[in-house]
Amino acid sequence: MATRPDRPRSPHLFSGPLALHYRWSPAMAASIFHRVTGDGMATVGTALLVWWLAAIAAGPDAYAAFLNVFTHADGGLNPIGWVVGVALTWAVFQHMMSGIRHLVMDTGAAFELKTNRTLAALTFVASVLLTAAFWLYLGIK
Amino acid sequence: MTTQIGRVRGLGSAHAGAHHWWHQKITAGTNVLLVVWLLASIARLPAYDYTTVRLWLHSMWAAVPMVLLIASVFYHFRLGLQVVIEDYAHKENRFVMMILLNVFTAAAAAIAIVSILKVAFGAAA
């Protein structure tokens, strides 16, 4: 039996049925997170924003029912409030940062490989920093 | 009146079609302004109890940008979800999903805008 020739192999990420025959790049991550955060805000975010506005319009009882889902009796955020609050604000900032990246690329700029990678990676750095800054401001004001 | 080059730019043989892309870009820009305004307003509120939040939304300085935000953001997400549906749903499914998307967007926008107006035009206290 002939020995296997030493051929180059695809840079796959996992083996078996999960094999991804490409290398994950910042641009791919920015792209899929743009869609995921957009879908999340359009569904969960819309439901919460509309509920919040309708509760303010409906009166104190309806508003209390809204607050009770996300806060303890003392007014502080409960675990649901923390998870939903941080996830939604991060989604806003991530979608905003990769959206601005799209507007830059619409001008024909930032398609050079290195610039493109850097800008894509920066969207994540910026969104995490902005989310942290937003919640720190809420905490210390 | 447009020049010939202006008429040709962005128009294929259908003489239309760039409006989806263009409207998504326009609302992306207005979304940045309005969402930054909302985040800053929420962050600067002294408290989040009913009286404080209602008094804030009662002001025209909050009600007007909030209605604009609903219009801009909801139109933007309707355009975005349309692309997702076109990517993953086909034939009859796509048709049904598109109608559901339009109904969802219109219903959510109506509830949001009427709620804002009710607070804005309601009694101050």
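Which residues does A:A55 touch, not counting residues up to four places away in sequence? In this predicted model, the partners of A:A55 are A:A62, A:Y63, A:F66 and B:Y50. The list includes a residue of chain B, B:Y50. A:A55 itself lies in helix α1 of chain A. Its relative accessible area is 3%. A:A55 is therefore buried, since the cut-off is under 20%. Between A:A55 and A:W82 there are 20 Å in space, C-alpha to C-alpha, and 27 residues in sequence.

The contacts of A:A55 belong to a helix pair. Helix α1 of chain A spans residues 26-58, and helix α2 of chain A spans residues 60-70. Their axes come within 7 Å and cross at roughly 140°. That angle makes α1(A) oblique to α2(A). On the α1(A) side, the residues that meet α2(A) are A:L48, A:W51, A:W52, A:A55, A:I56 and A:A58. On the α2(A) side they are A:A62, A:Y63, A:A65, A:F66, A:V69 and A:F70. By class, this contact has 12 nonpolar residues, with no polar and no charged ones.

The largest nonpolar core holds 49 residues. Four of them touch the most other members: A:W52, A:L53, B:I70 and B:F74. Both chains contribute to this core. From chain A, helices α1, α2, α3 (79-106) and α4 (113-140) each supply at least two residues. From chain B, α2 (19-44), α3 (50-58), α4 (60-88) and α5 (91-121) each do so as well. B:I70 gives a view of the packing across the chains. Leaving aside neighbours within four places in sequence, B:I70 is in contact with A:L49 and A:L53 of chain A. In chain B, B:I70 is in contact with B:Y75, B:A109, B:A112, B:I113 and B:I116.

A record adds one annotated position. The unreviewed UniProt entry marks A:H95 with the annotation "binding site". A:H95 is found in helix α3 of chain A. At 16% relative accessibility, under the 20% cut-off, A:H95 counts as buried. Beyond neighbours within four places in sequence, A:H95 is in contact with A:H34, A:T37, A:G38 and A:M41. A:H95 is also in contact with B:H76 of the other chain.

The same kind of record covers longer spans. In chain A, the unreviewed UniProt entry gives "transmembrane region" for residues 41-59, 79-97 and 118-138. Residues 41-59 of chain A are 95% helix and 0% strand, with end C-alpha atoms 25 Å apart. Residues 118-138 of chain A are 100% helix and 0% strand, and their end C-alpha atoms lie 30 Å apart. In chain B, the annotation "transmembrane region" in an unreviewed entry covers residues 26-43, 55-75 and 95-121. The span 26-43 of chain B is 100% helix and 0% strand. Its end C-alpha atoms are separated by 26 Å. The span 55-75 of chain B is 95% helix and 0% strand, and the distance between its end C-alpha atoms is 27 Å.

A:A120 was examined next. Its place is in helix α4 of chain A. With 0% relative accessibility, A:A120 counts as buried. Not counting residues up to four places away in sequence, A:A120 touches A:P26, A:A27, A:A30 and A:R101. The C-alpha atoms of A:A120 and A:M97 are 9.1 Å apart, while 23 residues separate the two along the chain.

Definitions and conventions. Residues are numbered from 1 along each chain as its sequence is written. Chains are lettered from A and ligands numbered from 1 in the order in which they are written. This is a predicted model: local features need pLDDT of at least 70, side-chain atom pairs count only at pLDDT 80 or more; totals for chains, interfaces and linings use all residues. Side-chain values use heavy atoms; hydrogens and water are left out. Axes are lines fitted to C-alpha atoms, for helices over the stretch in contact, and angles run from 0 to 180 degrees between N-to-C directions. Helices (H or I, at least four residues) and strands (E, at least two) are DSSP runs, numbered from the N terminus. Angles under 35 degrees count as roughly parallel, over 145 as roughly antiparallel, 65 to 115 as roughly perpendicular and the rest as oblique. Contact means heavy atoms within 4.5 Å. Ala, Val, Leu, Ile, Met, Phe, Trp, Tyr, Cys and Pro count as nonpolar, Asp, Glu, Lys and Arg as charged, and the others, Gly among them, as polar. A nonpolar core is a set of buried Ala, Val, Leu, Ile, Met, Phe, Trp, Tyr and Cys residues joined through side-chain atoms within 4.5 Å. Buried means under 20% relative accessible area, exposed over 50%, partly exposed in between (1.4 Å probe, protein chains only). UniProt positions are given in the numbering used here, feature names are shortened, and annotations may be inferred rather than shown by experiment.
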